[in-house]
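Biologist: Hey, can you walk me through this model? I'd like to get a feel for the chain before class.

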Amino acid sequence: MSAAEWKKKCEDEWNVQGLPAPQSLDWKSVHEAKPFGRNLLKNPSPHGLSKDIAPPEPDLPEFPMCGPPIFQPEGDFTGWTTNIEVLPKDTSGIPAGAVICALPKYSWFTLEQTLDLKAEGLWDELLDEFQPQIVIQDWYEESQLHRSIYQLHVKLLGADKSTVISEHSVNPTEDLSAYSLTWKEVSHVFSGYGPGVRYIHFLHRVKNQFLNGFYATRFTGSSVIVKPLKSSS
C-alpha cells in the first residue's frame, strides 16, 4: 500500500478526516501502533478482578495474625511503580484514661505510570493542534475501611516530563453509615488542554488497613484512552 492509502485507511478506521500531520509521517507505522481507542496503561487490573463482578467479601481470620503487620497487598503489579506510606495511628476521639487493646494501622498504597504519547503512536502536530480527547477511568472498591480510601492524580506533561499543562485530581469522602461493597467509578475527559502535551502521569492510591489481619482497598479497570475526537476549547 502507498502512503496515501495507509493515510486513508487510518482516517476511515478512525472516522476522522484532515488530521494535522507532517508530510513525512509514516502512516503505516501509525496504523500498526493503534494510538486511538486502546488502553495505554499497562496491567490495568493487577488484582485479577473485573468491575462487572462485585468485589469479593474480605476474608476474616479465625485467629489474629501473629508477627509484624502487613502493608503490601497481594497482586501482580508489573508495569506499575509502587510505594507504601504507613500512616501514624489516629488516637483522636479516644477518651483520656481509656484502655485500648489495639488500633488499626492504615497505609496508602500508591501506584503510578508515565505514558509517552509519541511512543504510543501519536505525533506533535496532532497533540498540539487537534488535541484529541484523553479519557481517564478507574474503579475502586468501596471497602469502607475509612472515610478516605482512594485518591487519583492525573497530569498532562510537556516534553520535559515536569511541566504540567493540565491536571485532574479526585479525593472522595466515603459514606460509612450503611454497609456496601461495590465498585465505584471515577472518570474524567481532558479536552482543550492546550499545545505541548507529550506525556501523561497517572497516579492513584488506595488505603489499606491492618488490625488482627490485612484488609485491602482494591482497584480494577484503570484506563487512559486517547480518542480521535477534536478537543473543544
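Modeller: We'll go from the overall fold to the core, the pocket and a few single residues. Heads-up: this is a predicted model, where local features need pLDDT of at least 70 and side-chain atom pairs count only at pLDDT 80 or more, while totals for chains, interfaces and linings use all residues. Residues are numbered from 1 along each chain as its sequence is written, and side-chain values use heavy atoms, with hydrogens and water left out.

Biologist: Cool. How many helices and strands does the protein chain have?

Modeller: The protein chain has 3 helices and 9 strands. Those are DSSP runs numbered from the N terminus, with helices being H or I of at least four residues and strands being E of at least two. Along the sequence the pattern reads α-α-β-β-α-β-β-β-β-β-β-β.

Biologist: Is the protein chain a compact globule or more spread out?

Modeller: More spread out: its radius of gyration is 22 Å, well over the 17 Å that the globule rule gives for 233 residues. The radius is taken over C-alpha atoms, and the rule is 2.2 Å times the number of residues to the power 0.38. The C-alpha atoms fill a box of roughly 80 × 30 × 30 Å along the principal axes.

Biologist: And how much of the protein chain counts as buried?

Modeller: 42% of the 233 residues. Buried means under 20% relative accessible area, exposed over 50%, and partly exposed in between, using a 1.4 Å probe on protein chains only.

Biologist: Which residues have the most contacts inside the largest nonpolar core?

Modeller: Trp-14 and Ile-134, in a core of 43 residues. A nonpolar core is a set of buried Ala, Val, Leu, Ile, Met, Phe, Trp, Tyr and Cys residues joined through side-chain atoms within 4.5 Å. Strand E4 (residues 150–157) gives the most to this core, with 4 residues.

Biologist: What is Trp-14 in contact with, leaving aside neighbours within four places in sequence?

Modeller: Its partners are Leu-19, Trp-27, Val-30, Pro-35, Phe-36, Trp-123 and Pro-228. Contact here means heavy atoms within 4.5 Å.

Biologist: Switching topic: where is Ser-223, and is it buried or exposed?

Modeller: Ser-223 is in strand E9 (residues 219–230). It counts as buried because its relative accessible area is 8%. Not counting residues up to four places away in sequence, Ser-223 touches Asn-39, Leu-41, Val-135, Ile-136, Gln-137 and Phe-202.

Biologist: What about Asn-15, what's up with its phi?

Modeller: Asn-15 has a positive phi of about 60° although it is not a glycine. Most residues other than glycine have a negative phi. Asn-15 sits in the loop between helix H1 (3–14) and helix H2 (27–33), and it counts as exposed because its relative accessibility is 70%.

Biologist: And how does Asn-43 look?

Modeller: Asn-43 also isn't a glycine and has a positive phi, near 55°. Asn-43 lies in the loop between H2 and strand E1 (81–86). With 22% relative accessibility, Asn-43 counts as partly exposed.

Biologist: Last one: how far apart are Lys-28 and Leu-41?

Modeller: They're 13 residues apart in sequence and 23 Å apart in space, C-alpha to C-alpha. Lys-28 lies in helix H2 and is partly exposed, with a relative accessible area of 37%.
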